[in-house]
Amino acid sequence: MNMPAPAAPSRFQAIIVPLMVASLLIAGLWLLYQNERSYRAEQVRITRVQAEILAASVTAAVDFRDRASAQEAVNALRVSSQIQSAGVYDVKGERFAGYQRSDRPLPPTLSRARQSVDKIIEVTIPVIRSGTKIGTVYLASLIDPLSRRLTRYAIIALLIVMTSLVLGLLGYNQAVLREVNSRLQDQAGSLAVANRELQFQMEERARAEEQLRQAQKMQALGQLTGGIAHDFNNMLTVIQGSADLLRRPGLSEEKRLRFAGAIVDTAARAALLTGQLLAFARRQPLRPEVLDINQRIRGMVNILEPSLGIDIKLVTDLQDGLWPVEVDPGQLEATLLNIVMNSRDAMPEGGTITIRTRNASSDAGGENKQAISVVIEDTGLGMDVETVGHVFEPFFTTKTVGKGTGLGLSQVYGFAAQSGGEVRLTSQIDKGTIVTIMLPRTDKRPITADLGASRLTSQGGGGVVLLVEDNAQVGNFAEALLGELGHSVLRAHDAQEALKLVQNGASFDVVFTDVVMPGMNGIELADTLRRDRPELPIVLTTGYSDRIVTTGSPGYPVITKPYRLESLAAIIDQALAAAA
Amino acid sequence: MTAAGPLSAWLLMAAVAVLGADVASAQADQLEMSVKATFLPKFAAYVNWPPGSLSADEPLQVCVIGPDPFGAMLDAAAASERIDTHAVEVRRIDGTENAAGCNVAFLAGSAKQGVTAMLGALQGRPILTVTDARLGPQRGMIHFSLDRGRVRFHIDDKLAAQGNLGLSARLLGLAITVRPRGRA
């Protein structure tokens with residue numbers, strides 16, 4: 001903050017008051033001196049005026065020698081306490097009329113008038129009638145004694161001193177105020193600086209914390225890869241092995257189905273795992289839907305049961321008329337899977353896992369809150385109190401290295417929180433663990449979607465699909481799938497190739513393109529194609545894409561990798577149907 | 001010495017006494033006339049003369065109409081007086097027919113013309129008429145009278161008003177009585 005330099009004006013202000021006081025004092029003293037000097041002259045003047053008035057009033061009396069009249073006129077002056085003696089004299093200087101106070105006798109003749117004394121002023125005024133002097137008036141007046149004058153001066157001086165004091169006080173006050181003001185300004189300035197510093201520190205701290213979190217996340221991710229790689233290897237072993245076995249000639253139908261099923265299920269689990277990872281790295285868009293949880297659970301049982309093994313029994317206790325909730329279906333599935341897998345891991349000797357759903361309402365906070373509770377209960381090893389306290393922390397795991405990532409329950413926690421609900425876990429050693437998820441009821445109606453049970457329901461097939469995929473294996477796989485569905489495939493290995501095909505006049509019904517490709521990406525390709533053919537059906541596919549995740553695909557349907565056959569069929573059919 | 005001795009002594013003493021008294025009263029009379037003589041010219045200073053009655057350069061005329069009781073005293077008083085720029089002149093006349101030019105007229109009254117007749121003749125003219133109680137009861141504008149041994153005067157302001165003369169209040173204040181000039 002820039003402060004204006006107060007030095008110059010304040011100095012001026014600092015001297016103005018004393019200057020004023022000094023001038024006032026000097027002026028006062030000078031006035032007193034002048035007054036004193038002119039006092040005597042002033043008094044003489046006053047006395048002369050009095051004498052002149054007397055002279056005028058006795059003119060006729062003197063002229064016609066009327067003593068009584070003259071005496072009357074002279075006596076009028078008695079009211080003045082200052083006049084010591086007053087006398088009227090005839091033209092010869094003889095006393096004609098007059099009076100005197102005790103200590104100042106009136107001279108009988110003018111020639112005998114005494115010399116002036118300091119304390120007395122004597123004046124003589126001629127009595128003139130028509131230009132002729134016919135007599136004289138004599139007045140002797142007392143000057144104010146010095147004591148009286150000094151008293152008068154003292155009063156004036158007092159007034160001046162008081163005024164000066166007031167001025168001085170004002171000036172002092174001003175100075176003090178200025179001082180305080182400048183100090184306050186200084187303080188404000190340093191406060192502002194300190195504040196800025198503090199804010200800066202806070203921001204730094206926040207930044208540092210964020211960086212730390214990121215670093216921790218990175219570190220965790222690094223740590224994860226070990227475990228994940230291990231898990232994936234296992235799954236790949238199953239898939240690889242099953243595929244190898246499938247290649248052998250002369251397989252029985254039963255075996256073929258078994259091996260294919262193994263591949264499908266394992267792939268599904270792998271997909272879930274990648275889903276977990278992505279959720280943790282917060283790169284997955286939440287797409288809540290209005291769901292009937294009971295339906296979803298029923299659908300998942302088919303997937304869950306095989307992976308539980310023979311020793312573990314899965315029981316469902318689902319309340320009829322369960323209220324709908326609005327949650328992301330993928331996240332829901334991942335949540336249930338995580339909990340069930342934990343329960344399975346806690347029962348190496350076998351046991352029972354119960355999934356129970358109920359409608360619940362609470363009056364917490366004075367409002368009638370309606371929610372559903374999803375309870376997963378196991379008869380497993382349980383956890384001690386201390387472990388229960390850490391159980392939702394990311395990377396916290398009780399499993400040995402490579403067996404668990406520690407992400408499962410933290411995903412559950414995140415899912416519950418994001419969906420506006422909560423999760424609670426209770427456990428007892430050797431008794432088992434109960435996980436309760438509360439999800440708020442939604443007023444919207446669920447769309448009954450059939451999942452898992454959908455078979456190859458592609459209506460037509462028979463369309464030409466422009467397949468754009470840079471990865472050879474994935475492209476081959478997709479081509480095989482599409483062929484299986486009854487579509488013919490036009491293959492391009494990147495966006496440029498696709499555009500060239502288009503330019504050369506290739507005809508097709510739908511575009512199925514990967515998003516992340518070298519050069520032009522899938523979204524840009526889609527936009528370019530749409531410019532010429534606005535109605536062109538385009539389906540995007542991606543395993544992981546920043547752009548889609550952060551902005552959502554701009555109006556294009558997206559199928560995420562890995563995709564099942566049914567999903568692919570459905571989305572292609574939908575796209576074709578929409579265009580038709 | 002014969003038997004007429006004590007009687008003549010008595011007569012002599014009486015004569016002396018009378019003479020003495022005479023002398024004393026004569027002295028008093030002298031003083032009185034002297035004062036009146038000094039007053040006479042002074043009156044003019046307290047008169048508001050109408051325009052034209054007193055010209056600037058000419059002396060002020062004090063006339064004695066009839067036998068002069070003042071004599072040299074009046075001349076002396078006139079000589080020593082100065083009214084503004086005017087000197088004072090004394091004129092002695094025997095009748096009012098010669099009164100033109102007078103400013104102040106002392107009406108002595110004579111066998112030829114009595115004071116009353118003089119007053120009548122001068123009425124309405126801008127001449128200050130002065131009479132003396134000694135010489136008669138008729139009063140002019142100013143009428144000398146002794147008051148407890150002092151020379152004072154009565155003033156008839158009404159007569160003065162008739163003659164278009166204004167009299168100073170200071171003069172009126174000194175008078176024994178004042179006949180007011182009436183409603184203004």
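Exposed means over 50% relative accessible area, and buried means under 20%. The model shown in these views is predicted.

**View 1. A:Gly519 sits in a loop of chain A**. The loop runs between β14 (510-514) and α11 (522-532). A:Gly519 has a relative accessible area of 73%, so the residue is exposed. Its C-alpha atom is 7.5 Å from that of A:Ala495, although the two are 24 residues apart along the chain. A:Thr513, in strand β14 of chain A, has 0% relative accessibility and therefore counts as buried. A:Thr513 and A:Ala495 are 18 residues apart in sequence, with 8.7 Å between their C-alpha atoms.

**View 2. Helix α9 of chain A has buried residues along one face**. The helix covers residues 472-484. Its 13 residues should span 18 Å at 1.5 Å a residue, and the end C-alpha atoms are indeed 18 Å apart. Buried here are A:Gly475, A:Ala478, A:Leu481 and A:Leu482. Seen down the axis of α9(A), they fall within an arc of 125°, so they line one face of the helix. A:Gln473 and A:Glu484 are exposed on the other side. At the start of α9(A), a side-chain oxygen of A:Asn471 comes to within 3.0 Å of the backbone nitrogen of A:Gln473. After the helix comes A:Gly486, with a positive phi near 100°.

**View 3. A:Arg129 forms salt bridges with A:Asp63 and with B:Glu81**. Side chains of opposite charge can pair when their charged atoms come close. For A:Arg129 and A:Asp63, the closest N and O atoms are 2.6 Å apart. A:Arg129 lies in strand β3 (residues 120-129) and A:Asp63 in helix α1 (residues 7-63), so the pair ties together parts of chain A that are 66 residues apart in sequence. A:Arg129 is buried at 3% relative accessibility, and A:Asp63 is buried at 2%. Between B:Glu81 and A:Arg129, the closest N and O atoms are 3.1 Å apart. This pair crosses between chains, with B:Glu81 in the loop between α2 (72-80) and β3 (82-83) of chain B. B:Glu81 is buried too, at 9% relative accessibility.

**View 4. Helix α3 of chain A carries a salt bridge between A:Arg207 and A:Glu204**. Their closest N and O atoms are 2.6 Å apart. The two residues are three apart in the helix, which means a separation of about one helical turn. Both are partly exposed: A:Arg207 at 42% and A:Glu204 at 34%.

**View 5. A nonpolar surface patch includes A:Met162**. A:Ile155, A:Leu158 and A:Leu159 join A:Met162 in this patch of about 410 Å². A:Met162 lies in helix α3 (residues 146-247) of chain A. This residue is partly exposed, at 46% relative accessibility.

Notes. Residues numbered from 1 in each chain as written. Chains lettered and ligands numbered in written order. Predicted model: local features only at pLDDT ≥ 70, side-chain atom pairs only at ≥ 80, totals over all residues. Heavy atoms only, no water. Patch = residues over 30% accessible without salt bridge, like charges linked within 9 Å, V, L, I, M, F, W, Y side chains within 5 Å. Areas by Shrake-Rupley, 256 points an atom, 1.4 Å probe, with all protein chains shown as cover. Salt bridge = Lys/Arg side-chain N within 4 Å of Asp/Glu carboxyl O. Helix = DSSP H or I, 4+ residues; strand = E, 2+ residues; numbered from the N terminus. Buried < 20%, exposed > 50% of the residue type's maximum accessible area, 1.4 Å probe, protein only. Expected span 1.5 Å × (residues − 1). Arc of directions from axis to C-beta. Polar contact = N/O pair within 3.5 Å; in protein donor to acceptor, adjacent residues only side chain to side chain.
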